[in-house]
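This briefing walks through a single protein chain and its ligand, topic by topic. Please keep the sequence and the structure in view while reading.

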Amino acid sequence: MSVHEDTNGPGKPGMTLVMGAGPGGLCSAYALSKAGAPAVVVERAPFVGGLARTIIKETEHGTFRFDIGGHRWFTKSDELNEIFREVVGEELLWVNRISRIYFDGKYVDYPLKISNALKAIGPVTSARAMLDYGKQQADRKINPREVVSMKDAYIDQYGELLYKLFFERYSEKVWGRPCDEMSGDWVNQRTKGMSIMTAVKDAVVPSKGKVVSLIDEFMYPKYGFGRFSERMADGIERMGNEVRLNAGVEKVHREGNRITAVTLATPDGPQRFEAENFISSIPLTVLAKIIEPAAPAEILEAADSLTFRNVITVNLMLKKRQVTDDTWLYVHDRNILFGRFHEPKNWSPAMVPGDEYTSLVIEYFCSFGDHIWSMTEEELVERSVKHLVEDMKFITRDEFLEGFIVRAPRAYPSYVIGYEKPLEMIKEFIDQFENLQIIGRYGTFRYNNSDHSIETGLLAAKNVLGGHFDLDQVNADQEYHEIKRVPAPAGHAATR
Ligand SMILES: Cc1cc2nc3c(=O)[nH]c(=O)nc-3n(C[C@H](O)[C@H](O)[C@H](O)COP(=O)(O)OP(=O)(O)OC[C@H]3O[C@@H](n4cnc5c(N)ncnc54)[C@H](O)[C@@H]3O)c2cc1C
């Protein structure tokens, strides 16, 4: 079934309960509200926005705003762009993107541009990298092998040397495991169709159709990405529906092949909520375990076997005009514990109280119970400042004003080799319930950006309204998601 099949709905549906008020869940309720259908979003936290929220910090210097790691809006879909524009309205900004990799004191553009990467590593290493890539491609022709791991997938696209230089160290920081234990799916999903060959071809041979880069500019709300969720929530309530905070889903009750109700944990004690349709954006592994009567033992085991990586952001407020002009800086060095940072002021000046101030959001990737997750706020802030002052020399100690951390559990679904089977089992179990749909990022255990999370939310709402959309087809296209090829206009030569 096509993702974009038309909706031919019958009459108005009954109540839809949406679990989770991140952008995915809110988009479901927003679309239902616009169609005049009843919907309630229940959210465990006292705020909306989930991983895509913006935190406001009032200080004696004024107001600072922080995303959980900078969130930029980009999508290939006109319909989704329209929703984003409509919701964000007059707060919409266009931001130029410059992102770089920092490694061994050098900088390389991100996403990797081959010419620039080769320049950074010098002519001798470049020649070795190209030779290595050629040898590896020839070898693959003679001995075709399946691409299984993340390491295989990177080497397939860039050769061993460039993999070692530009992908291995960062990937191991993000995933906390060697790349040969991670599935190649993540690379295929993130960098579909990109390789040395396509980069070189795109540089010298006019391609069929114009390549529209989605990476040089992006949309961003003036007061942080979280405004998108906040404004959707306002819209839902304005249209007569409800977003209920401090209402965590504790149990999901089933009868035959239908979900009948959920039990919510609220400040006033447990509450039962019955509805006709259910849309879930809460972690898939949690959902599988709170369905009652309980799922079969093998489903519970499957849920236990899937893991996520957590993120801790360290938010630093600085008395300095600017640290770098990057949108993001990816830090590969192994002796620096964090993986990436961004400077919110470079996204919108309204993220800091005045031009004499700036701030940094520093991302640490970790797992429950590991040495990073176990560090205290004080230790993480101090460690970050130390790296920035002593190792990177980006700031001086007296420029640092104050800092705090945000723990974001289950931020990245981990595609550890072998994850497909348990995931498929859980999805099959969930699929049997005709009035339950799963959406979003951790709701589907898929590495979805907010556009894909919103798309699944939107399509789930359309299904409630009578459509027949296959949510599994979202984020399954074959082209690198940061470019868009549009046909060359008739009568014009193909451009590049
Ligand atoms: C560091 C980082 C950077 C990112 N950068 C970008 C970017 O630049 N661009 C982009 O498009 N995307 C980005 N993303 C991805 C984006 O954050 C997600 O795609 C998006 O937030 C997913 O939306 P969602 O609604 O599926 O889930 P979430 O935002 O995770 O929301 C799920 C909600 O469910 C709630 N919940 C959980 N359990 C329960 C329960 N039992 N009962 C009730 N509620 C519950 C949670 O509190 C949460 O509010 C980034 C993510 C991270 C971690």
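A polar contact is here a pair of N or O atoms within 3.5 Å, and by that cut-off a nitrogen atom of the ligand, at 3.2 Å from an N or O atom in the side chain of N449, makes such a contact. The model is a predicted one, and the points below begin with the ligand before they turn to helix 8, to backbone geometry and to pairs of residues that are distant in sequence.

**The ligand and its surroundings**

- Besides the nitrogen that faces the side chain of N449 at 3.2 Å, the ligand has an oxygen atom placed 2.9 Å from a polar backbone atom of R441, and an oxygen atom of the ligand is also found 3.0 Å from a polar side-chain atom of S453.
- The protein buries 96% of the 1000 Å² that the ligand exposes when it is taken alone.
- Helix 1 (23-34), strand 11 (248-255), strand 20 (400-413) and helix 13 (450-464) are the elements that each give two or more residues to the shell around the ligand.
- There are 36 residues around the ligand, and those that come nearest are E43, H71, V249, N448 and S450.
- Sorted by class, this shell consists of 14 nonpolar, 15 polar and 7 charged residues.
- Where does the ligand lie with respect to domain 1 and domain 3? Domain 1 (16-95 + 220-306 + 415-465) and domain 3 (308-413) both contribute residues to the shell, so the ligand lies between them.

**Helix 8 and the residues that follow**

- Helix 8 covers residues 226-238, and its 13 residues span 18 Å from the first C-alpha to the last, which is close to the 18 Å expected at 1.5 Å a residue.
- The buried residues in this helix are G226, R227, F228, S229, R231, M232, A233, G235 and I236.
- An α-helix has 3.6 residues a turn, so residues three or four places apart point the same way.
- Just after helix 8, G240 adopts a positive phi of about 100°.
- N241 belongs to the loop between helix 8 and strand 10 (242-244), and because its relative accessibility is 13%, under the 20% limit, N241 counts as buried.
- The side chain of N241 is in polar contact with the side chain of S33, at 3.0 Å.

**Backbone geometry in loops**

- E292 and P293 are joined by a cis peptide bond with omega of about -5°, and P293 is located in the loop between strand 15 (291-292) and helix 10 (297-305).
- D104, a residue other than glycine, has a positive phi near 50°; D104 sits in the loop between strand 6 (99-103) and strand 7 (106-110).
- Is D104 buried, partly exposed or exposed? With a relative accessible area of 47%, D104 is partly exposed.
- N475 is likewise a residue other than glycine with a positive phi, in this case near 65°, and N475 is found in the loop between helix 13 and strand 22 (483-486).
- N475 counts as buried, because its relative accessibility is 6% and the term buried applies under 20%.

**Pairs distant in sequence**

- K76 lies in the loop between strand 4 (62-67) and helix 2 (78-88), where at 23% relative accessibility K76 counts as partly exposed.
- Although K76 and D451 are 375 residues apart in sequence, their C-alpha atoms are 8.9 Å apart in space.
- E90 is situated in the loop between helix 2 and strand 5 (92-96), and E90 is exposed, with a relative accessible area of 65%.
- E90 and K222, which are 132 residues apart in sequence, have a C-alpha to C-alpha separation of 8.9 Å.
- V95 is part of strand 5, and with a relative accessible area of 5% V95 is buried.
- The C-alpha atoms of V95 and D216 are 8.4 Å apart, while 121 residues separate V95 and D216 along the chain.

How values were computed
Residues numbered from 1 in each chain as written. Predicted model: local features only at pLDDT ≥ 70, side-chain atom pairs only at ≥ 80, totals over all residues. Heavy atoms only, no water. Near = heavy atom within 4 Å. Polar contact = N/O pair within 3.5 Å; in protein donor to acceptor, adjacent residues only side chain to side chain. Areas by Shrake-Rupley, 256 points an atom, 1.4 Å probe, with all protein chains shown as cover. Helix = DSSP H or I, 4+ residues; strand = E, 2+ residues; numbered from the N terminus. Nonpolar A, V, L, I, M, F, W, Y, C, P; charged D, E, K, R; others polar. Domains from an automatic or database assignment. Expected span 1.5 Å × (residues − 1). Buried < 20%, exposed > 50% of the residue type's maximum accessible area, 1.4 Å probe, protein only.
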